[in-house]
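Here is a short round of questions on a protein model. Look over the sequence and the fold, then follow the answers.

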Amino acid sequence: MFVIKCPYCGERDQTEFSCHGEAHIARPENPETLTDEEWGEYLFIRSNKKGIHYERWTHDHGCRRWFNVMRDTVSDEILATYKMGEEKPKS
Amino acid sequence: MSNQNRIYKGGRIDRDQAINFKFNGKEYIGYQGDTLASALLANDVHLIGRSFKYHRPRGILTSGSEEPNALVQLGLGARTEPNMRATEIEIYEGLEASSQNCWPSVNFDIGSINNFLSRVFPAGFYYKTFMWPPSLWLFYEHFIRKAAGLGVAPTAKNPDRYEQKFHYCDILVVGAGASGLMSALAAGRSGCDVLLIDEKHEPGGYLRNISAKIDNLNSNDWTNEILKELESYENVTILNRTAVMGYYDYNYLTALQKVTNHLPYLSDKMPRERYWRIRAKKVILAQGAFERPLVFSGNDRPGIMLASAARTYLNQFGVLPGKSVILFTNNDHAYGTAIDFANKGAKVTIVDNREDIPSELSDRCNKVKIKIYPSHSIINTQGYQKVKKVEIQKVDQDNNELTGSLREIECDLVLMSGGWNPSVQLFSQSRGKLEYHSKLNSFIPKDLIKNQKVVGCNNGDFNLLEVLKNSYQAGLDFATELGKSANKSLEIETAFEDLEFTEAKVEPYMIGKKKVTHGSKHFVDFQHDVTAADIFLAQREGYISVEHTKRYTTTGMGTDQGKTSNVNALALMSHIHDKPVDNIGHTTFRPPYSPQTIGAIAGRNVDHLFDPERKTAIHQWHVDNGAEFEDVGQWKRPHYFPQKNENIHDAVNRECRAVRNSLGILDASTLGKIDLQGPDVAKFLNLIYTNAWSKLEIGSCRYGLMCNEHGMVFDDGVTTRISENRYHMTTTTGGAARVMSWLEEFLQTEWLDMEVFCTSVTEQWTVLSISGPNSREFLSSLTDIDISKEAFPFMKMKEGKVCGIDARIFRISFTGELSFEINVPSRYGLFVWNEFMKHGKKYDITPYGTESMHVLRAEKGFIIVGQDTDGSVTPKDINMDWIVSKKKEDFLGKRSFSRSDTRRTDRKQLVGLLVNDKKTVLPEGSYVVDEAKPRPPMDMIGHVSSSYYSPTCDHPIALALIKNGLNRMGDVVKIPLMSGKVIDATITDSIFYDKEGARNNE
Ligand SMILES: [Zn+2]
């Protein structure tokens, strides 16, 4: 079970958080202009990385804020956490 | 005769404190400090139980948690526990235990016929037998369940208390033997917060059982000195009787502490067990090693045990379990046990399958008259309920063949030692990688994970002085990493064990394997009765991967998790395939390390603490007035309010009629409520809901549907504009938290520049929904607000006083009748409710529950999200296209409406269903078909989502999702019931009552 450093509250137990899948998939600005394929890409296609993965988490039983996590899916090590809107750290 | 196998002095038992206990109904005496196993051995009881598959008589193999054989049923009544290891149970006055897996008694067990039928119970028996036809599965299951357990589960509720504790420390040391004590000492001296855990009742581990000297102190006295120092440190916590069960990411470990299990009376102040959840900055594993059995024919009889276990019984418990002893070994170390036994007067013979015995050893054996048979192997044993004879034969090492003549030796105890397996279970759980050590013939830790060290025998190191020094250094190193240092260095100059375990040259499993034939009894896994023949069979039948062999033969799958069997099984596979063990691999170790109670994992989260219960401010009134409750999420909601002898149908019919004819009242406080504030709320709502929100006036309410990005309906509710920048959103009861997260997700991750603040106010407001033609007249006398039809039209909100309390009144309706939803602060909720009940008498005000609410809304064709929708339904599918804005450029879900699948015209659509017989209330969830066949499969065209008897219409009504349903009005469809009966029903409009909506505009 992870120890996750919430960018707002600090290090807490994983039980306080939940994960919401891959990060940095922005909702398209004008969905109506997209083809079915492009829209499907946004809805369904995820990178499912082996290695460095960026994902969204919420501190549900804490500050209720969303933030991003950089995690190695092989070692399960959390390498960084950062606020929404911030640049993703380099791997 | 009592304690006939007890020696006069020595050991760590207190001979002045006799303890009475019962085994299989017979009374025995043991002493303070005994385990059930040691006390039984002292009384010359070797037969403990029957084996799992063949019901063979079994005794005591080990002296610890790795015990596969000596499993007993412990205690009586609601506290009885099955499969308890006699080697771990500390005896207490009045203890009662009994044998398992035998009937009518352990001495005469009918199931042992399986032993003679073993040819019909080969590996994979269940897989081969219980396969087909599927209709026989219920029969198979019964058989499998019966065969699947050894002991009996208690039938009454456990009366004990279990607790949990969260613990944070600098350094966790697992195991308080030689190495663990040293690591803890170094860390303790450095001022680190140390948690030292050991599964035995006192620390010391192996040092309690061997002849070793450390700086001129014998190992027992030395251990006590170290303990005294450790106990003097406030920063060191020592937990005995505690087993670390799981080792997870980031040094998170769980441990089970047996707090009062060893006491005759369970205290009502102390829990029975305590479950520790530990987060440690550093972890040092110092769990030691398990001795490995040897695999030979008949190696499972009572009276055959591991050499180290016998030594423990002798030196720690003062028990000499046999007087005529055979030791079968492949290493020097076990000779120490033989010499200890000879010194206590036993006649000892050593069968050693090595050719060259070091002369120092043979000299020492000569002195105490121990005869040695080098290059020999036990090839069979005799004796039914206890071993009485072994057959030995010479081994030709080069050809791995038996030569020479068979020799029989009488005995009453056989000890075996196949070397040592480091206890790598926890290390492996932590994702540590193992490697095969060819000299030890076992797996040892290879790559450590972060913030972890493995020390001592656990790491494959068996030299005592080195172990002590290295373990101390490990503690120091971690302390340094934590920025602390010890003010004392380790002073130990000399430390040596009488005979050290160096390396075992010999294959660990067996000699004479050519004698392994179908049905022969070379046991590899004692608990699951897996023999060498089973392993051979699995390989022949193609289950070659180690994971396949494990599952096919069930080796290592018992409650002991193969602590004594795994390495032998792997070595056997290595022999069969003629490949090094490294290439065979090993199975994965998983928590728990040893069996643990579910009670401890549950802790205090049982009964009413299992899941929080949410109650409205009116709850006690509901209870006092006989409501039957329904769980809606965590909420307790009144389901209906039966009067006198009413059943649910009578009550619901009465409640519904009251609403339609006069005045009903519903506690609607559970509705999700979210307060939205900020300049961008309207813009935000436009993106969240399918309809338009920009023009909503202050004081107006609007119904909205929310869709997810797939265009599927996800929640609904009414949102009201309270003031310029403030809105009040309601959600479904079950969807409140989900909607709140949904709003936050978009505000926090997509539209960061929007100024909208969401606050859950569900519990801040009590909502009383009054409904019925008399509701206006009734309410007008209790409020200062003008609620006349002209001044207060439908879908408006007004603020004012109700019964003298500040309130918001919403003119919205979920019943189709003239309705008002009165919101008051929760602390006044019950007061207002009581006022309503008092003043409503005149109109026969009738409280109604969720069932009537469902019927009333279904009569009007109002959907319930989650019941009439299931996450695969668009607004169009539920005939609510009218609420989807065609003008808005964007909102959540919009783009998906034009995907080819959501655009299909033959999707399942929400329609009404009227049964042709006018009386059958269709079960919700029933399948709808065009053509009913005598048995499935049938082509399903939809399902019934809501179904009730409608007291207003006086016939059953139903809502259903049916393919192309909106274009099939008037068609007759079939509903096959589980009973085999087929009901005809006609597709209709989904509104059954007051289609024009005149009534709520009264
Ligand atoms: Zn936080």
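Q: How far apart do the centres of the positive and negative side chains of chain B lie?
A: This is a predicted model, where local features need pLDDT of at least 70, side-chain atom pairs count only at pLDDT 80 or more, and totals for chains, interfaces and linings use all residues. Residues are numbered from 1 along each chain as its sequence is written, and side-chain values use heavy atoms, without hydrogens or water. Lys and Arg count as positive, Asp and Glu as negative, with His and chain ends left out; each charge is placed at NZ of Lys, CZ of Arg, CG of Asp or CD of Glu. Chain B carries 119 positive and 123 negative side chains, and the two centres are separated by 2 Å.

Q: What share of the residues of chain B is buried?
A: Buried means under 20% relative accessible area (1.4 Å probe, protein chains only). Of 1002 residues in chain B, the buried share is 59%.

Q: Which strands of the open sheet in chain A stand at the edges, and why is one side of each left without a neighbour?
A: Strands are DSSP runs of E, at least two residues, numbered from the N terminus; two of them pair if DSSP finds at least two bridges. The open sheet has four strands in the order 3-4-5-6, with antiparallel pairing. Each edge strand has a single partner, so one side lacks a neighbour in the sheet: these are strand 3 (18-22) and strand 6 (77-83).

Q: Which residue of strand 5 stands opposite R56(A)?
A: Strand 4 (residues 52-58) and strand 5 (residues 66-72) of chain A pair antiparallel over seven bridges. Opposite R56(A) stands N68(A).

How values were computed
Chains lettered and ligands numbered in written order. Buried < 20%, exposed > 50% of the residue type's maximum accessible area, 1.4 Å probe, protein only.
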